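Trainee: I should like to learn how the terms used for this structure are justified. May we take them one at a time?

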Amino acid sequence: MGYGHSDLVRPDIVEPVTLKILVAGGFGVGKTTLVGAVSEIRPLRTEELLTEAGRPVDDIAGVESKTTTTVAMDFGRITLREDLVLYLFGTPGQDRFWFLWDELATGALGAVVLADTRRLEDCFAAIDHFERRDIAFTVAVNCFQGADRYPEDSVRDALDLDPGTPVVLCDARERESVKHVLISVVEHAMLATAPRA
């Protein structure tokens, strides 16, 4: 005799599609802030205090006031539509934690490479990582107060990006600005993975 669970089927409930997005970039560029600004849940953070022991390996030039650092990942969630949920995984920025990036990248639809124009070279490692693994990404320039502003095309040229790679300006503290970045990543990743006619 077969058993059915017809009483458990609810046609009015939509099972959302969940997509994994990475947030990467250099040390102190605002990855934890970005995830926290947009997450609808209290974000999981693995922040620890910077210590004297880390001074020789953590380059704090340009972010001298930074007192904590991500040592594993940040995690957040945002529902873009009833049927579309993004899981955000923020990577640690220091070189010594790059071994985590491969694990975090598994199953990712796309990524945000967060950049600071005062230290643009700090995002090269993230760009290289995603290009080598064929993971679609958007470069989001976090517009820090007091930092010079450059047009998207100037940033694209400075980073030697493919013409199709999106570059957007953002404020990682502002929810709406971050949503714009995430929509850019999803749209770019969907185009990159769409079958060619």
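Mentor: Let us begin with V112 in this predicted model. Leaving aside residues up to four places away in sequence, V112 touches I21, L22, V23, A24, T138, A140, V181, L182 and V185.

Trainee: What makes these count as touching V112?

Mentor: Contact requires heavy atoms within 4.5 Å, and the residues named, I21 and L182 among them, are in contact with V112 on that basis.

Trainee: Which residues have the most contacts inside the largest nonpolar core?

Mentor: They are I21, L86, L88, V112, A140 and L182, in a core of 25 residues. Two or more residues each come from β1, α1, β4, β5, β6, β7 and α5. Helix α5 (175-193) gives the most, with six residues. There is also a second, separate core of 24 residues, which includes A105, V113, I135 and L159.

Trainee: How do you know which residues of helix α4 line one face?

Mentor: The buried residues of α4 (152-159) are V155, R156 and L159. Seen down the helix axis, the buried residues of α4 fall within an arc of 100°, so they line one face. A general rule agrees with this picture: an α-helix has 3.6 residues a turn, so residues three or four places apart point the same way.

Trainee: What lies on the other side of α4, and what do its buried residues pack against?

Mentor: On the other side, D153 and D157 are exposed. The buried residues pack against α3 (124-132), β6 and β7. After α4 comes D160, with a positive phi near 55°.

Trainee: Why is D122 called partly exposed?

Mentor: Buried means under 20% relative accessible area and exposed over 50%. D122 has a relative accessibility of 30% and therefore counts as partly exposed. D122 is placed in the loop between β5 and α3, and it touches G25 and G26, not counting residues up to four places away in sequence.

Trainee: How far apart are D122 and V29 in sequence and in space?

Mentor: They are 93 residues apart in sequence and 8.8 Å apart in space, C-alpha to C-alpha. Both belong to the lining of the largest cavity, together with G26, F27, L114, A115, D116, R119, L120 and C123.

Trainee: How many cavities of 30 Å³ or more does a search of the whole structure find?

Mentor: The search finds one. The largest cavity holds about 40 Å³ of space, and its lining divides into six nonpolar residues, one polar and three charged.

Key:
Residues are numbered from 1 along each chain as its sequence is written. This is a predicted model: local features need pLDDT of at least 70, side-chain atom pairs count only at pLDDT 80 or more; totals for chains, interfaces and linings use all residues. Side-chain values use heavy atoms; hydrogens and water are left out. A nonpolar core is a set of buried Ala, Val, Leu, Ile, Met, Phe, Trp, Tyr and Cys residues joined through side-chain atoms within 4.5 Å. Buried means under 20% relative accessible area, exposed over 50%, partly exposed in between (1.4 Å probe, protein chains only). Helices (H or I, at least four residues) and strands (E, at least two) are DSSP runs, numbered from the N terminus. The arc is that of the directions from the helix axis to the C-beta atoms. On a 1 Å grid over the protein atoms alone, a cavity is a set of points where a 1.4 Å probe fits but cannot get out, and a pocket is an open set with protein on both sides within 12 Å along at least five of seven lines; lining residues have an atom within 4 Å of a point. Grid points are joined across faces, edges and corners, and a volume is the space filled by probe spheres set on the points. Ala, Val, Leu, Ile, Met, Phe, Trp, Tyr, Cys and Pro count as nonpolar, Asp, Glu, Lys and Arg as charged, and the others, Gly among them, as polar.
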